[in-house]
Amino acid sequence: MDVYRSVETLRQALEPEWSSKSRIGFVPTMGFLHEGHLSLARAARGENTKVIASIYLNPTQFNDASDLENYPRDEARDLTLLEREGVDGVFIPPHEEMYPDGFSTYIDPPANARRWEGERRPGHFRGVCTVVAILFNLTRPTRAYFGRKDAQQLAVIRRIAKDLRLGVEVVPCPTVREPDGLAMSSRNVHLSPKERNDALILSQTLLEGVRLYRSGVRNAERFIAQGEKAIQSIPGVRLDYLAVVNQNTFEPVVTIGDDDLFIGAIRVGRTRLIDNQPFAQSDLLFP
Ligand code: AMP
């Protein structure tokens with residue numbers, strides 16, 4: 001497995017691929033990899049001739065300086081895991097090459113970036129859209145793999161890929177969970193054993209919503225009221241938001257249908273966690 005620590009070495013490695021018929025699968029990450037990231041690499045491995053991952057802790061998508069400072073890192077371990085998945089190359093760009101002196105062009109995010117994460121984390125999606133566009137331009141992949149765990153991010157990236165004709169097929173991948181239902185996240189490492197246990201209320205509440213849907217209930221308000229009550233009953237947990245939204249527009253819905261998602265964000269101690277459940281897709285915790 002090759003490691004590219006400059007734009008130039010990445011370009012040299014990929015140039016022959018661009019001019020041939022090979023298909024590049026791209027997996028962008030911020031490192032401290034877990035099974036969720038590796039599932040993206042595996043999906044990419046199955047569908048492309050070349051698989052490139054990136055590890056880049058993108059400063060422009062962090063609205064909270066301490067979140068960036070405390071973000072876990074372990075590059076050596078990440079590289080071992082990616083190599084084991086058969087990844088061909090890993091791009092680890094230096095900051096000065098991603099944002100050179102004078103850098104000042106940013107993507108104005110689409111409408112589906114406005115609410116929820118966009119509202120709670122000002123500037124977050126502007127940073128995400130911009131770095132994804134830069135990474136796509138440097139890698140020129142055929143397909144790029146994103147997790148459904150970050151459902152709003154996925155919708156936003158699908159939108160900009162379409163609107164800006166980025167020429168990349170965005171492939172969504174199912175959320176990977178711990179056996180007890182907690183969605184895997186690099187930030188889970190910050191949770192104490194008690195916090196980790198408290199955090200389960202989010203995945204449980206969302207799953208309960210899916211059960212309610214399957215029993216025939218369609219009124220979104222009822223899901224939210226019931227879910228809010230459950231989350232607020234755990235003293236160590238602060239509810240950030242709970243909503244039922246269309247999976248593409250991220251606008252709230254009143255009567256739930258198969259294209260909708262139950263989404264939520266909570267704070268447990270100093271850690272902020274997000275999760276979601278689709279009402280009628282296959283990546284349910286207990287299908
Ligand atoms: P991150 O390193 O957090 O920026 O995540 C990189 C990619 O991995 C994004 O496309 C995420 O949606 C995806 N990802 C993170 N956690 C999970 C998970 N538990 N299941 C599936 N994909 C995930």
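1. A starting point is L182, which at 6% relative accessibility counts as buried, since the cut-off for that class is under 20% relative accessible area. In this predicted model, L182 belongs to the loop between β6 (169–173) and α9 (193–214). Once neighbours within four places in sequence are set aside, the residues in contact with L182 are R177, N188, R196, A199, L200 and S203. The separation between the C-alpha atoms of L182 and I201 is 8.9 Å, with their positions 19 residues apart along the chain.

2. For the overall architecture, the protein is made up of 10 helices and nine strands. Its radius of gyration is 19 Å, close to the 19 Å that the globule rule gives for 287 residues, and therefore the protein is as compact as a globular protein of that length. The C-alpha trace spans about 55 × 40 × 35 Å when taken along the principal axes.

3. Burial and contact order can be read together here. Of the 287 residues in the protein, 54% are buried, and among contacts with a separation of 6 or more, 73% are accounted for by residues 24 or more positions apart. The exposed surface of the protein comes to about 13,400 Å², of which carbon and sulfur atoms supply 48%. As for charge, the protein carries 36 positive and 38 negative charges, and the mean positions of these two sets are 4 Å apart.

4. S54 is a second buried position to inspect, with a relative accessibility of 1%, and it is placed in strand β3 (residues 50–55). Not counting residues up to four places away in sequence, S54 touches F26, V27, P28 and T29, and it also touches F91 and L135.

5. L68 is found in helix α3 (residues 65–70), and at 23% relative accessibility L68 counts as partly exposed, because that class runs between the 20% and 50% cut-offs. With residues up to four places away in sequence left out, L68 touches L57, P59, F62 and R73. L68 and D275 are 207 residues apart along the chain, and their C-alpha atoms are separated by 20 Å.

6. Two arginines deserve a look at their backbone angles. Most residues other than glycine have a negative phi. R140, although it is not a glycine, has a positive phi of about 45°; R140 sits in the loop between α7 (124–139) and β5 (143–147), and at 49% relative accessibility R140 counts as partly exposed. R165 likewise has a positive phi, near 45°, and is a residue other than glycine; the place of R165 is in the loop between α8 (151–163) and β6, and R165 is exposed, with a relative accessible area of 68%. A reader checking the backbone may wish to view both of these loop positions in the structure above.

7. N246 lies in strand β7, which covers residues 237–246. The side chain of N246 reaches the backbone nitrogen of T249 at a distance of 2.9 Å. Apart from residues up to four places away in sequence, N246 touches E251, V253, D259 and D260.

8. D258 is located in the loop between β7 and β8 (260–268). The relative accessible area of D258 is 46%, so D258 is partly exposed. When its neighbours within four places in sequence are left aside, D258 is in contact with Y213 and A280. With Y213 the contact includes a polar one, in which the side chain of D258 meets the side chain of Y213 at 2.4 Å. By contrast with these contacts, G25 is 29 Å from D258 in space, C-alpha to C-alpha, and the two residues are 233 residues apart in sequence.

Definitions and conventions. Residues numbered from 1 in each chain as written. Predicted model: local features only at pLDDT ≥ 70, side-chain atom pairs only at ≥ 80, totals over all residues. Heavy atoms only, no water. Helix = DSSP H or I, 4+ residues; strand = E, 2+ residues; numbered from the N terminus. Rg over C-alpha atoms; globule rule 2.2 N^0.38 Å. Buried < 20%, exposed > 50% of the residue type's maximum accessible area, 1.4 Å probe, protein only. Contact = heavy atoms within 4.5 Å. Areas by Shrake-Rupley, 256 points an atom, 1.4 Å probe, with all protein chains shown as cover. Lys, Arg positive; Asp, Glu negative; His and termini not counted. Charge placed at Lys NZ, Arg CZ, Asp CG, Glu CD. Polar contact = N/O pair within 3.5 Å; in protein donor to acceptor, adjacent residues only side chain to side chain.
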